[in-house]
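Reader: I would like a close look at the enclosed spaces in this protein, and then at the helices around them. Please take me through it slowly, in one connected account.

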Amino acid sequence: MLGFVLRRTLAVLPVLLAVAVLVFLMLRLVPGDPAAVIAGDSATPEQVAALRARLGLERPIPAQFAIWLGHVLQGDLGESYFFRKPVTELIAQRLEPTLALGVAALTIAVAVAVPLGVLAAFRQGTWIDRTVMGLSVAGFSMPVFVLGYLLVYVFSIRLEWLPVQGYARLSEGLLPFLERLVLPAVTLSVVYVALVARITRTSVLDVLNEDYVRTARAKGLTEREVLVRHALRNAAVPILTIIGIGLAVLIGGAVVTESVFAIPGLGRLTVEAVLSRDFPVIQALILLFATGYVFVNLAIDIGYAMLDPRIRY
């Protein structure tokens, strides 16, 4: 097991290097002079020249990359041109809301989607199966921002049960924290629930037709034991795969969800950085999201080996 983990970890390093190269080249591939793009239309030639010297754009590209990568490895992601702050400080300020939203959405999605998918597979062809699959199609088709505004209208404006927008940090109290997290987390998790439920149903259906499941039933095991101990456990690998792949849905949905609910997280910071053409912040956020996604996939690979020992070999 240790050898498998080491091999997978070493395989991640070239991927991280490729991500770093692409993020670095993002600014250099912008049409025209990157310094002129960053400085804006009102900048004078002297200001553009000064910015080029400060960014080191006159050096060869390999030298620029080596310097930039050295700063990144030391935790220096540059300084925001719009906010006039170090990028690491901006990310640290916005990290908690995004992590809280992502963990809450992931928890809701897995807790709801996996049981629904198993139930739909167990009751294949019945009204339960058709209802679950119909809701999955509707949930996957519903745009995140439409669902967000719909939930705000129903639960915040009409029923007045929950706050409309904003975010309360955990340090401000558990109840305010949960009150302002419920609607965004549900909004973000709906598409994820639909995706995981459909894959869970398909995977469990495939397993239920295997010989060892029929053998378990012939031995007198209850349907619950057959589903949990045999069917779901052996269907866990594709389910785990779609949970990992679906994190890209969460990352993309967080940008929209945080904008709808005015949550000061990394998603909203991404929107603000794009609108203000704040390239150091955009580069840092892309690097952060890509690196996080790579390590999540590494964790999923390790999970494969724990669920199915054959994968280690």
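Reader: How much space lies in the second largest cavity?

Author: The model is a predicted one, and in it the second largest cavity holds about 30 Å³ of space. Its lining is made up of Trp 68, Leu 77, Pro 280, Gln 283, Ala 284 and Leu 287, and helix H14, which runs over residues 279–307, gives the most to that lining, with four residues. Sorted by class, the residues around the second largest cavity are five nonpolar and one polar, with no charged residue among them.

This space belongs to a set of two cavities of 30 Å³ or more that the structure holds, and the largest cavity has a volume of about 50 Å³. The largest cavity is lined by Pro 163, Val 164, Gln 165, Gly 166, Glu 179, Arg 180, Leu 183, Pro 184 and Phe 261. In that lining, five residues are nonpolar, two are polar and two are charged.

From the cavities we can turn to helix H10, which covers residues 223–234 and has twelve residues; at 1.5 Å a residue it should span 16 Å, and its end C-alpha atoms lie 15 Å apart, which agrees with that expectation. The buried residues of H10 are Val 226, Leu 227 and Ala 231, and because they cover an arc of only 90° around the axis, they are on the same side of H10. The buried residues of H10 pack against three helices, namely H5 (87–122), H8 (174–208) and H9 (211–218). On the face of H10 turned away from its buried side, by contrast, the exposed residues are Arg 224, Arg 229 and Arg 233.

A further residue to examine is Ile 243, whose place is in helix H11, residues 236–245. Ile 243 has a relative accessible area of 16%, and because buried means under 20%, Ile 243 counts as buried. When its neighbours within four places in sequence are left aside, Ile 243 is in contact with Leu 106, Val 110, Tyr 192 and Val 196. For one of these partners, Val 110, the separation from Ile 243 is 133 residues in sequence, while the two are 8.1 Å apart in space when taken from C-alpha to C-alpha.

Technical notes:
Residues numbered from 1 in each chain as written. Predicted model: local features only at pLDDT ≥ 70, side-chain atom pairs only at ≥ 80, totals over all residues. Heavy atoms only, no water. Helix = DSSP H or I, 4+ residues; strand = E, 2+ residues; numbered from the N terminus. Expected span 1.5 Å × (residues − 1). Buried < 20%, exposed > 50% of the residue type's maximum accessible area, 1.4 Å probe, protein only. Arc of directions from axis to C-beta. Contact = heavy atoms within 4.5 Å. 1 Å grid on protein atoms, 1.4 Å probe; cavity = no way out; pocket = protein on both sides within 12 Å on 5 of 7 lines; lining within 4 Å. Points joined across faces, edges and corners; volume = space filled by probe spheres on them. Nonpolar A, V, L, I, M, F, W, Y, C, P; charged D, E, K, R; others polar.
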